[in-house]
Every structure is written in structure tokens, then in C-alpha cells.
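Visitor: I am new to this structure, and I would like to learn how its descriptions are justified. Could you take me through some of them with care?

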Amino acid sequence: MSCRTEPITNKYTPNTTNDGKRFAGTTFSGTMAYRALVKPEDLKAVAGDHSAISGQKMYCGRNRHVVTYPVGGGCFLNFIAYSSDPARQAEWGSQAWVAEADHAELSDQFQDFEPEVQVLLKCVDKSSRWAIYDVEPLEFWSRGRVTLLGDAAHATMPFLGAGGGQVLEDAYVLSRLLGSSLATCDMLPAVLLAYERVRAPRANQVIYRSHEARRAFEFLEEYDGRSTEHVAQALNSLSEWLWEGRGDPEDDVWEAERLIKELLATELEM
């Protein structure tokens, strides 16, 4: 059996334009992340009762926030300090996306944060500075017998901590569809379009809601002047949408199979 290579054109084909250039590049978000590993024993030596020792912690302030959590089986604390400034979008230019950070610069950025953050900063030996870039959601993922998944399809900023999970959901749905009896050579373009149709809405919502999470963490835009209780409620809603509101990925498989069968029935009638 030979596989046809021309893309299927049908009502499931995404509406696309010739303006592909604006989806091909990245935009500096104005946010930088200072990253370091802190040894728990060093933190204990300075402040034995520090709350970051026992689990994940987040410290929020206007335009900035700090996240810590154990990694390496508790051998280290991952320390990430985010600093946002819209003016940097024009200033960043061609600087490296990742570079060694100046400790004085890091300390200055967070000098007005609470004492626990000051203790953490004292325990940072060496850090790196990461530019956080943003991309617009793609208008389509699939063409003919080629498709995308993971960051290639929907790279997101890190503020929901959900990028890796989206890759796994993509891979699960796509592998189930490709292993289906519906995935014949002739139907492969339709299979990939159906995969895109069921996965793109959720993946793109992760992109948008990651933006909102950053605004909430740093009291920006609609969260400017809001109480910490209001921000906490908004962040809880984002978390509920991400984790508790998620159906079984198998539902995506069933919906994609329904779309494929509907398309197959339409072609048989033609």
C-alpha cells in the first residue's frame, strides 16, 4: 500500500494565514530568573528553623518572586528568583539567554524581601541568570504526515510548572492514536489533525494561564494593589484548573477517534 503525501483538506483543517513569520521567533518577556542550588546544611547552619528546609516555598513581591524546593532527593534546594521589568524587553538585545550572574546584582534585586529570603541569598554560592522568552501559540501543528509535540508545538513560560506535563499528555494521545487501527497510511494526515484538535486548546491555555500566574505572583496588571488573599485565591483557581479540572487523557483519545471516524464517513460519502 502506498501512502498519499498530499495533506487532506477538510473542515478539520485549521484556518491559517501566510503571516507565519510572527510565529517563528521569540520575544523576551522582560523577566529574568536567577538560578542556584543551595545546600540544606548551609541553610541549617545559618538558620536551622528556616521554612524552606522542609518543603516548597514561595515569596512574592511586586515585579519579583522567589521559589525554592528540594531536588536531588533532598540533597539540594533549587533556588529561583524571578525579576520582571517591561523596560528590559527593549534593552536585552543580543545578550546570551543564559549567563553567569553577579551576586551583588542578585542581592540588590531582592534586598527588600523578607528575612528568610536574605538568609537564602547568603547561602547562594554561585548563580546563573536566565532570560525568560515567550512565543505566541502556533496557528497549526500538523501538515500532511508531519506534526509537532511538546515545546516545539507550545513552548510556555515556567510559571505554572506544567510544560513537562503537557509533553507527556501530547505523547500519550499521539502514541495511542498512531497505534489505533484508524492510523492507516491514507488516514495519517487526518489522525495528526485530530490529535492537534484535541490537544491544542489545553496546551495553549497553559501558555495563557502561565502569563496570568506570573502577573499574580508579582502583583502586576489586574493584580496590582490586590490583597495577598485575593492573589492566593486566583492562584488556587489556576491550580484547580490545571490539576483537578483535567479529565482523563483517554478522553482526548476518544474525542480524536470520533473526529477521525467522522472525517472518514464524510470522505466515503464523497
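Guide: Let us begin with arginine 62, which has a relative accessibility of 43% and therefore counts as partly exposed, since buried means under 20% relative accessible area, exposed over 50%, and partly exposed in between, with a 1.4 Å probe and protein chains only. This is a predicted model, in which local features need pLDDT of at least 70 and side-chain atom pairs count only at pLDDT 80 or more, while totals for chains, interfaces and linings use all residues. Residues are numbered from 1 along each chain as its sequence is written, and side-chain values use heavy atoms, with hydrogens and water left out.

Visitor: What makes aspartate 224 and arginine 62 a salt bridge?

Guide: The term asks for a side-chain nitrogen of Lys or Arg within 4 Å of a carboxyl oxygen of Asp or Glu, and the closest N and O atoms of aspartate 224 and arginine 62 are 3.2 Å apart, so the pair qualifies. Aspartate 224 lies in the loop between α7 and α8 (228–244) and arginine 62 in the loop between β2 and β3, so the pair ties together parts that are 162 residues apart in sequence. Helices (H or I, at least four residues) and strands (E, at least two) are DSSP runs, numbered from the N terminus.

Visitor: Why is arginine 64 called buried, and why is aspartate 112 called exposed?

Guide: Arginine 64 has a relative accessibility of 16% and therefore counts as buried, whereas aspartate 112, at 54%, counts as exposed. Their side chains meet in a salt bridge, with 2.7 Å from N to O. Because aspartate 112 lies in the loop between α3 (103–109) and α4 while arginine 64 belongs to strand β3, this pair ties together parts that are 48 residues apart in sequence.

Visitor: How do you know that glutamate 105 and arginine 129 form a salt bridge?

Guide: Their side chains meet at 3.4 Å, N to O, which therefore fits the definition. Glutamate 105 is in helix α3 and arginine 129 in strand β6, 24 residues apart. At 26% relative accessibility glutamate 105 counts as partly exposed, whereas arginine 129, with 16%, is buried.

Visitor: What makes β2 and β5 edge strands of the sheet?

Guide: The open sheet of six strands has the order β2-β3-β4-β1-β6-β5, with antiparallel pairing, and β2 (57–61) and β5 (98–100) each pair on one side only. Two strands pair if DSSP finds at least two bridges between them; five bridges join β2 to β3 (residues 64–71), so these two strands count as paired.
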